[in-house]
Amino acid sequence: MKRRAVLAAGATVAGSVMAGATLGATAGGDPGPRQPSPAAETTIETGALRPGTRRETPYFEVGSGDDGPTAVVVGGVHGNEVSGYRAAERIAEWQVTDGSVVVVPWANVVAVRRNEREGPDGDLNRQFSIGGEPETPLARSLWELVAAADPDVVVDLHRSRGIYGTHGRWVGQALFPTAAGDATSDADAVADRVNEAAVPASMWAHRFRRGNTLRGTSPMLIHKVSADLDTAGVLVELTEFYLDVDTQVRWTELIAERLLSRHGIERRGSAL
Ligand SMILES: [Zn+2]
């Protein structure tokens, strides 16, 4: 809702351009914004978390120029979950016709550069203390950005190794909603839509389903969104089990697109 508040949230404004940024991070590459593309039209404003440190990582605000709904999309909380941050890179290049999207593609940029889950500070997705300050400077910085955006929905993009309910603790191909908001209905509706539109009938094991509800019982980002912001959020888990990374990225992007659409944020040139 409060789009302008985002850039005043203590994060340094690195620049503001009336063009699309071309993002080029890949596994093992050097994540970061490249030269703006003159072809794009949507306003993209950028800032950075932890500026001036080795954990400095940019965020992008993709705006339609109105005061409509706001989403926050996060990738790279786990640095070896390539499909999550590659999908986030693509979302940072969207154009939207309503509302705005704040995208943090490489939340744990050191871990992304190393292609490892945790990076030097441990598991970032266990540092969002419920009812209090996040435990590390990076987690606090990300949380400040999320809270300042006053979002209608928060989407956290991850990748798992197996199939939810089949492979022990693995949670792939599931959408985990907050207790807050209508996230449970969102997860059901989006899972149905993406299954119908994108998952071949022969891949029944890969059909998306709704995971358990996140209600503030663990120090994870989306748990904290539910408990402390009382706001809708979804943790998205794609599997890499018999699924190539390009398909993981495409399906992750579709899920994000449909989730944001449920909150009134429409991607220009929607794929569904
Ligand atoms: Zn993860």
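## A tour from strand S7 into the core

Start by selecting strand S7, residues 100-104: this strand is mostly covered, with five of its five residues buried. Keep in mind as you click around that this is a predicted model.

Now show the side chains of S7. On one side you'll find Ser100, Val102 and Val104, on the other Val101 and Val103, and all of them are buried, so both faces of the strand are covered. In a regular strand, side chains alternate between the two faces of the sheet.

Next, bring in the neighbours of S7. Select strand S6, residues 70-74, which pairs with S7 in the parallel sense over five bridges. Zoom in on Val72 here: this residue stands opposite Val102 in S7. Then add strand S5, residues 57-63, which runs antiparallel to S7 and is joined to it by four bridges. In this pairing, look for Glu61, whose bridge partner in S7 is again Val102.

How do you get from S6 to S7? Turn on helix H2, residues 82-91: S6, H2 and S7 together make a right-handed β-α-β unit.

Time for the core. The largest nonpolar core has 70 residues, and those touching the most other members are Val73, Val101, Val103, Val155, Leu175 and Val234. Helix H7, residues 245-262, supplies the largest share of this core, with seven residues. In soluble globular proteins, nonpolar side chains tend to be buried together.

Last stop: select Val234. Leaving aside residues up to four places away in sequence, Val234 touches Val155, Leu175, Phe176, Pro177, Ala183, Asp186, Ala187, Ile222 and Leu259.

Methods. Residues are numbered from 1 along each chain as its sequence is written. This is a predicted model: local features need pLDDT of at least 70, side-chain atom pairs count only at pLDDT 80 or more; totals for chains, interfaces and linings use all residues. A nonpolar core is a set of buried Ala, Val, Leu, Ile, Met, Phe, Trp, Tyr and Cys residues joined through C-beta atoms within 7 Å. A residue is buried if 20 or more other C-beta atoms lie within 10 Å of its own, exposed if 12 or fewer, and partly exposed in between; C-beta atoms are placed from the backbone. Helices (H or I, at least four residues) and strands (E, at least two) are DSSP runs, numbered from the N terminus. Two residues are in contact if their C-beta atoms, placed from the backbone, lie within 7 Å. Two strands pair if DSSP finds at least two bridges between them. A crossover is right-handed if, with the strands pointing away from the viewer, the path from the first strand over the helix to the second runs clockwise.
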